[in-house]
Amino acid sequence: MSKAIKGFSKLTKQEKIDWVVSNFFQDPEEGKSVLNQYWNSDEKLQQVHDEFIENTLTNYYLPFGVAPNFLINDEIYTIPMAIEESSVVAAAAKAASFWMARGGFKAEVISTKKIGHVHFVYYGDYDKLLKFFNGIKDKFYADTESITTNMRKRGGGITDIMLINKNYEEPNYYQIKANFETIDSMGANFINTCLEQFADTLQREIETSKIFTEEEKQIQIIMCILSNYTPECLVRAEVNCSVKELATEHMTGLEFAEKFERAIHVATIEPYRATTHNKGIMNGIDAVVIATGNDFRAVEAAAHTYAARSGQYRSLTKCEIKNDQFRFWLDIPMALGTVGGLTTLHPMVKFAYKLLGNPGAKELMMIIAASGLAQNFGALKALTTTGIQQGHMKMHLLNVLNGLGATDQEKDFFKIYFKDKVPRHSDIVNKFNEMRAEKK
Ligand code: MEV
């Protein structure tokens, strides 16, 4: 048996499964039965999932939960979240209720610009190229007219095309940089198709021009690709209330607000903390991005580059206390689509959109930003008051017990046992072993 294989993608699904289980499992039947368990018996539905990617063997489930009571711009949402981390949905729901009682979230889309580049090499004079480029600019629009027709009908399209000189960083390196408005679609395919046409247009125009020498005509297109960094596809979510409305059992509103502000400041100046702080924001963001069938890798990549835009990685959220008012906000780039991609294919994604009232991309940006802000508020509130483990381990208790093979009866016992204590992992395991030993 060999662990390498040629032409795997050409095998039937059954052949792929057979090859995988017989090569990598001591008990192939056991491997098969796990795959079968997650297989959908509805053949049509399974086929939809099969065809999302190559070499599908089965499905991979994540829990799909909801966080209700999100008041955003005076509208109440129940937000769908697909995530495996125990405490995320609970924390979002808790923060949503907290802020619902204090006026809710305000959110706004600041801008919706998307960007793509044709990266190329040109061995000649920049001024000559610039003059030429400006002279043929109309051709880029004309050659992409059929690609952009539908997008233009919806109010989007190519909004600008420019030549960028990158010589100071890399000799002979230039870019065609184009801005796009893609309305309710994420626009990756649209942008990339336009860019590849720009490259063809540039090459054709240079080749047929009389002003370039033979050497100058030898441009090399390195690549044509959208940028996932979208600092001008930006959304803001914020909350505010009077400082005294933040009082907790053990702290005045001002004490809490000042400690919270200090925690944000730590995440602004200390990259180690900023990374964890922003990870917590992304807990709330990714879960909704995934539930709504969007590309969480793109959203993650943009968020982290944005967090480092000053040259140092910093907190994505900010906070201020002014005239007895507490204000807390998140600015985050977010390229989303509410049409195309999985939105019309994945039944759970369709469900998520219905649940949200079928939002357009801008509304979804605001909902997701509010979810990220709520998550960060929940994390910081716990961290600066009770400590994170109290809530976190309460939610994680069932995972630990499931890992130990606890019965339903034992789980009920543990829920009561840890009601008023932090369920530390070692305490759960010790108590569980003790109980099992007593039973013997
Ligand atoms: C855990 O997934 C996220 C937190 O670590 C975030 C934070 O520390 O702000 C709780």
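These questions and answers look at the ligand site of a predicted model.

Reader: Happy to dig in! Which helix gives the most to the shell around the ligand?

Author: In this predicted model, local features need pLDDT of at least 70 and side-chain atom pairs count only at pLDDT 80 or more, while totals for chains, interfaces and linings use all residues. Residues are numbered from 1 along each chain as its sequence is written, and side-chain values use heavy atoms, without hydrogens and water. Helices here are DSSP runs of H or I with at least four residues, numbered from the N terminus; H10 (271-291) and H13 (361-384) each supply at least two shell residues. With six residues, the top contributor is H10.

Reader: Thanks! How much of the ligand's area does the protein bury?

Author: Side-chain polar atoms approach oxygen atoms of the ligand from Arg273 at 2.8 Å and from Lys279 at 2.6 Å. Taken alone, the ligand exposes 300 Å² (Shrake-Rupley, 1.4 Å probe), and the share buried by the protein is 84%.

Reader: Nice. How many nonpolar, polar and charged residues form the shell around the ligand?

Author: The residues around the ligand, each with a heavy atom within 4 Å of it, include Glu85, Thr276, Asn283 and Leu383. In this classing, Asp, Glu, Lys and Arg are charged, Ala, Val, Leu, Ile, Met, Phe, Trp, Tyr, Cys and Pro are nonpolar, and the others, Gly among them, are polar. The shell has three nonpolar, four polar and three charged residues.

Methods. A polar contact is a pair of N or O atoms within 3.5 Å; within protein, one must be able to donate a hydrogen and the other to accept it, and residues adjacent in sequence count only if both atoms are side-chain atoms.
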